Amino acid sequence: MNVPAVQRLIAELRQSGITDEKVLEAIAAVDRERFVAPPFAERAWDNTALPISFGQTISQPLVVASMTEALRVGPRMKVLEIGTGSGYQAAVLAKLARRVYSIERFKPLSREAERRLVDLGIYNVVCDVGDGSKGWPSQAPFDRIIVTAAAEERPQALIDQLAVGGILVVPVGRDPTSQVLERIIKSENGLQRDTLMPVRFVPLVIGALPVLGQG
Ligand code: SAH
């Protein structure tokens with residue numbers, strides 16, 4: 001790994017307010033270069049979102065760090081991620097959780113992410129292809145759920161699959177210029193919701209896959 005570039009990014013994340021050492025360690029331990037296309041390898045440690053295939057993006061490291069920190073993941077937890085994409089966020093979560101379940105609607109992206117994670121020696125991520133807005137009922141409940149695409153509305157199926165004491169972090173907003181990151185905490189008394197920060201994500205697409213993505 002490019003050690004000076006890693007250190008620079010970690011310093012930048014600290015300056016931007018990330019304080020959870022475990023999150024910073026996880027980010028420093030996952031080689032982001034392996035998750036971006038070769039032409040972008042030089043920029044892999046920049047604090048910027050980068051393109052992956054199918055018009056999707058690997059999120060900005062600060063957003064990955066903020067969402068991961070907001071999720072308060074512990075080592076015995078079972079985490080669900082919606083939107084595997086490159087598998088980068090799943091890899092970061094895998095360093096902190098017991099097991100990560102990740103759903104992606106584009107099969108080639110899912111397969112590629114799966115292979116990449118195994119190549120990196122990460123074996124506690126289980127990938128599946130499908131519409132993640134429905135969650136993963138056979139594996140529910142989850143201690144933590146993270147959605148890495150913007151939902152137009154708070155996804156009820158995911159709230160239902162959250163364990164009591166569980167946390168859901170989800171970008172919400174119809175308009176890409178006014179999305180906010182929301183955290184929903186489920187307790188015995190109901191749901192507590194707070195708004196964390198403005199974000200910009202590709203949309204969470206509900207429903208059937210286009211033929212293109214099934215290859
Ligand atoms: N977490 C990824 C980045 C996610 S980009 C990473 O670390 O690289 C958002 C991803 O969500 C895209 O790959 C997109 O195809 C996927 N997506 C959008 N709607 C979805 C849905 N309903 N179910 C599953 N995946 C979805």
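Here are three short exercises on rings, charges and cores in this structure, each with a worked solution.

Before you start: this is a predicted model, where local features need pLDDT of at least 70, side-chain atom pairs count only at pLDDT 80 or more, and totals for chains, interfaces and linings use all residues. Residues are numbered from 1 along each chain as its sequence is written, and side-chain values use heavy atoms, with hydrogens and water left out.

**Exercise 1.** Work out which residues form one aromatic cluster with Tyr101.

*Solution.*
Step 1: Grab the rule. Rings of Phe, Tyr and Trp (its six-membered ring) pair if their centres lie within 6.5 Å; planes under 30 degrees apart are stacked, over 60 edge-to-face, and the rest tilted. The structure holds four aromatic pairs.
Step 2: Try Tyr101 with Trp136. Their ring centres are 5.2 Å apart and the planes stand at 80 degrees, so this pair is edge-to-face. Tyr101 sits in strand 4 (residues 99-104), while Trp136 is in the loop between strand 5 (125-129) and strand 6 (142-147), 35 residues apart. Helices (H or I, at least four residues) and strands (E, at least two) are DSSP runs, numbered from the N terminus.
Step 3: Now try Tyr101 with Phe142. This pair is edge-to-face too, with 5.8 Å centre to centre and 65 degrees between the planes. Phe142 lies in strand 6 and Tyr101 in strand 4, so the pair ties together parts 41 residues apart in sequence.
Step 4: Put them together: Tyr101, Trp136 and Phe142 make one aromatic cluster.

**Exercise 2.** Decide whether Phe142 is buried or exposed, and find the charged end over its ring.

*Solution.*
Step 1: Buried means under 20% relative accessible area, exposed over 50%, and partly exposed in between (1.4 Å probe, protein chains only).
Step 2: Phe142 has a relative accessible area of 0%, so it's buried.
Step 3: A charge sits over a ring if NZ of Lys or CZ of Arg is within 6 Å of the ring centre and within 35 degrees of the ring normal. Lys78 has its charged end over the Phe142 ring, 5.5 Å from the centre.

**Exercise 3.** Find which helix gives the largest share of the largest nonpolar core.

*Solution.*
Step 1: A nonpolar core is a set of buried Ala, Val, Leu, Ile, Met, Phe, Trp, Tyr and Cys residues joined through side-chain atoms within 4.5 Å.
Step 2: The largest one has 50 residues, and Leu13 and Tyr88 are among those with the most contacts inside it.
Step 3: Helix 3 supplies the largest share, seven residues.
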